[in-house]
Amino acid sequence: MENLEAQFGLNQPLWVQYIIYLKNTVTGNFGISYQTRTPVGDMVFPALMNTLILLLPATAISIAVGIGIGMIAAWRRGTKEEVAMSGTTLVLYCMPTFWLGLLLLVMGVLYLGLPVGGMFTISFGPENAFARFSDLLQHMALPLATLVLGLVGQYVLVMKGSLLDVLTEDYMVTARAKGIRRRKLMWDHGFRNAVLPMVTLMALNIGLSFGGAIQTETIFSWPGIGLLTYRAILSRDYPALQGAFLVIAVAVILANLIADLLYPFLDPRVVA
Amino acid sequence: MNANEILQVDGLKSYYRSPEGHLKAVDGVSFAIEKKQVMGLVGESGCGKTTVALSMMKLLPTSAEIMGGRVLFHGEDLLKKTEDEMANIRWRKISIIFQGALNSLNPVLSVREQIAEAMLAHKTVRADSVDEAIDRLFNAVRLDPNRKNNYPHELSGGMKQRVMIAMALACNPEIVIADEPTTALDVIVQRRVLELIRSLCKELELAVVLITHDLSVVAELCDKVAIMYAGKIVESGEIYNVFESPKHPYTQGLLRSLPKMKEKKTEISYIPGSVPDLTGTLPACRFYSRCPYAQKICAEKEPPFEVVSPGHQTACHFWKEVEQS
Amino acid sequence: MAESKNSRIFTHLESLRKFWKAYKRSRTGLIGAGILAAFIAMALLAPYLAPYSPSRIFLTEELQPPSWKHLFGTNESGQDLFSQVIYGSQASLIVGFAASLIASSIGTVLGITAGYFSRIVRNLILRVTDFFIVIPSLVLMIVLASVLGPTLSSVILAIGLVGWTGTARVVMAQTLSVKELPFIEASKSAGAGNSYVLRNHILPNVMPVVFAQTVLVIANAILYEAVLTFLGLGNPSQITWGQILEFAFNSGAITTAWWYVLPPGLSIMLVVLGFSLTGYSLDEIFNPRVRKI
């Protein structure tokens, strides 16, 4: 027992342990996982990459779809199609992400023959790149769909609200008075102003997407950082947990920074 | 009908939808605009002046509806035109300067882009001469042409208003509607902008509809004036005739409430009461509740809009009494 | 200065009537309230509505699809899912209410404090709020719930201690605008101390907004409860809809037993929908600058 303690440095006073930890972190040494006895750094970074393989396309797709549907919903407000769209979006927003994943899992496996979980089918060798890629896509399909459906609701609602606000602004009347046609009106005047809150929302949503990622990865056994965090918590694997936590925090902060840098390019009123 | 008239508004009715029923913002308004003439449209806030302007260009919001009347531009009824046809006429033939340029300019586009947009949409200027044309416009409104690449938030209120004026003139329209162009500005800037409008009108031979609540501005700039009250025109005519000898109690009240420099009065006279609720049932003459000449017939029978002298019309049963006092 | 008790009750009844009249106008609000009423009734009347005890085991009837005997089928232990879903409403709703009570209280206190007091205090609270917003809420809640032990109380605490940021922001905005109203200054110049102003002027003007916001917080709390119990952080012997789904997932039988997955999830969705619709309608009434969805 003392050996183990000495090995993990647990026989030092707590604050010394923490300083050592911070020092190690900066040099890339995240400690050793209690559970797998492998360096946490080796576990955490590949896991983050796997999560990003899902999160980045999911975010891009849900923003694009959100903007599209939100704009249509604002433009055709009050019509039957809009009510149906907004209603569906609201209902989606009220579903827990993991349940959405469960439903998609059941339907996907039963009706589409998609794989039940994991990231790859183990039997494929490295030679056949195309087959490996299509295998990856097949495994990605359901978790990606789950994440997109979970994220898209909020983007639709915010885009719709933002565009509705913009449509009541004075400069929209001015533009219409200038004889600008509908399409240019919507894009140059409507969209370019309405999209600004979306950027802020994207930044805020990064936290939410990690929450969605944890649920999705659990359901589909996707080896990402969400699954790693969850398993670390359950097995009280504190080094792994700290490593995962740190990496998630840095990722979220970085993403927020990028959004902050992007914003001044879209809104000339804000000084970079 | 005068051969010089290029636009006639005939019995225009525009109502707003509200939970309490229809708000009759404009209820039977008729007037005509002549070439190279500056016409003032005067009235208190909420009397329907802006609604008239928006209706003329079919720019009403979805909460409002044009319920009747015609707007004849060179003989064609604009109210019957499709949105596409209107897009061709707007700005190219009739342009508008909005009040409070605070939010009338798109915050994410530079001023140059917004003016160029109008020019290119109506193909009044070739793409490679746009900057030159904008420079000329800026000089005409006494703005530094170097500022054309600025964004609206980088300009002061007075500058933004000048941009609006430059933009309104960009396609050489026949008629310019100026809706309270100086209300949001301080007094000194007001004076400059008004002088600018006056000189531009003469130079470019424009017809102008100047919408305002400020009678002194009208006195300075306008050739003709129409006074609006609660959605209807109560008096109209040549400026000197109306100001020297008003025939409607409301006009008389307005003129009397202007403090004059040479008088010794220390009390300001005013018109008692307030504008009626336009959603409810109204007396036949809408000025009834505030009128010092009112009698029973005013509540029951709508006063006809009749000619009292050439070019001078009013809607009052007792205009002769008003004339005498 | 004390009003007669009767006249005070009368004014309360009057404002209640006016409120109901305004609320009635929104059809979605009524639908939301209707859904909520149905589920609350379900929770209260569970013993009468459920045909069997949720823990009763039907030995030879494991994983059976829906039938007249078992309306929602049975789970892998042979328990009737219909009864489980009905009883599950109790814990699910209670956790939702309790967690949002904690979150709302924290949010209101922090919001008022940030809005009313000095800039230093406000900035401090804003930094703390920023931290809780940036770090993914679910991650924080998972950490808290696992540290506090596998009970529903830890789930309640985890949600309550993390989910207050929305309320705090809204309350702070409201406090800032109420603070600027002239009657506050008048009251202070008449000699009112801070606690008097807070209790009698700020708080009553902030409560309507808090009320509307809390309903939306409950919706979120129920969602988070489902996730946390699904991930195994709750108490397996206490039925909530999320707990049922946890058993479903871990039984390995979900790809065949669709009846196991559908009803609990639908219940969660409907309840959250009910609270959301009601919350949006309340927001329209109490929060003047909010535009209709």
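**Reading cavities, pockets and chains in a predicted model**

Colleague: Let's start inside. Which residues line the second largest cavity?

Modeller: Cys285(B), Cys291(B), Tyr293(B), Cys298(B), Pro303(B), Cys316(B), His317(B) and Phe318(B) do that job. Keep in mind that we're looking at a predicted model. By class, that lining splits into seven nonpolar residues, one polar and no charged. The space inside comes to about 50 Å³.

Colleague: What shows where empty space is left?

Modeller: The general trick is to roll a probe the size of a water molecule over the atoms. Here, searching the whole structure turns up five cavities of 30 Å³ or more.

Colleague: How much space lies in the largest cavity, and what lines it?

Modeller: The largest cavity holds about 80 Å³. Around it sit Ile97(B), Ile165(B), Leu169(B), Val176(B), Ala178(B), Ile197(B), Leu200(B), Cys201(B), Leu206(B) and Val208(B). Sorted by class, that makes ten nonpolar residues, with no polar and no charged ones.

Colleague: Which elements of chain B each supply at least two residues of that lining?

Modeller: You'd want to look at α5 (157–169), β7 (175–179) and α6 (187–204) of chain B. The largest share is from α6(B), with three residues.

Colleague: On to pockets. What volume does the second largest pocket have?

Modeller: About 1400 Å³. Of its 39 lining residues, the closest to the centre are Arg176(A), Leu59(B), Leu60(B), Pro61(B) and Thr62(B).

Colleague: Which elements supply the lining of that pocket?

Modeller: From chain A, α3, α6 (129–167), α7 (170–177) and α8 (182–194) each bring at least two residues, as do α1 (49–56), β4 (64–73) and α2 (83–89) of chain B. The largest share, six residues, belongs to β4(B). As for class, the pocket lining has 19 nonpolar, eight polar and twelve charged residues.

Colleague: You mentioned α3 of chain A. How do I read a helix like that?

Modeller: As a general idea, an α-helix has 3.6 residues a turn, so residues three or four places apart point the same way. For the case here, α3(A) runs over residues 40–75, which is 36 residues. From first C-alpha to last, α3(A) reaches 51 Å, close to the 52 Å expected at 1.5 Å a residue.

Colleague: Where is the kink in α3(A) centred?

Modeller: On Leu52(A), and the kink is about 30 degrees.

Colleague: And the rest of chain A: how many helices and strands are there?

Modeller: Eleven helices and zero strands, so to speak an α-α-α-α-α-α-α-α-α-α-α pattern along the sequence. Chain A has 272 residues, and 47% of them are buried. Take its contacts between residues at least 6 apart in sequence: 71% of these join residues at least 24 apart.

Colleague: Now a single residue. Is His312(B) buried or exposed?

Modeller: The thing to check is relative accessibility, where buried means under 20%. His312(B) counts as buried because its value is 1%. His312(B) lies in strand β12 (residues 312–314) of chain B. Leaving out residues up to four places away in sequence, His312(B) touches, among others, Glu235(B), Asn241(B), Lys247(B) and Glu306(B).

Colleague: Last one. Which chains have the most contacts between them?

Modeller: Two pairs of chains touch, and the most contacts are between chains A and C. Chains B and C share no contact, and their closest C-alpha atoms lie 11 Å apart.

Key. Residues are numbered from 1 along each chain as its sequence is written. Chains are lettered from A and ligands numbered from 1 in the order in which they are written. This is a predicted model: local features need pLDDT of at least 70, side-chain atom pairs count only at pLDDT 80 or more; totals for chains, interfaces and linings use all residues. Side-chain values use heavy atoms; hydrogens and water are left out. Helices (H or I, at least four residues) and strands (E, at least two) are DSSP runs, numbered from the N terminus. The expected span of a helix is 1.5 Å times one less than its number of residues. The bend at a residue is the angle between axes fitted to the seven residues ending there and the seven starting there. On a 1 Å grid over the protein atoms alone, a cavity is a set of points where a 1.4 Å probe fits but cannot get out, and a pocket is an open set with protein on both sides within 12 Å along at least five of seven lines; lining residues have an atom within 4 Å of a point. Grid points are joined across faces, edges and corners, and a volume is the space filled by probe spheres set on the points. Ala, Val, Leu, Ile, Met, Phe, Trp, Tyr, Cys and Pro count as nonpolar, Asp, Glu, Lys and Arg as charged, and the others, Gly among them, as polar. Buried means under 20% relative accessible area, exposed over 50%, partly exposed in between (1.4 Å probe, protein chains only). Contact means heavy atoms within 4.5 Å.
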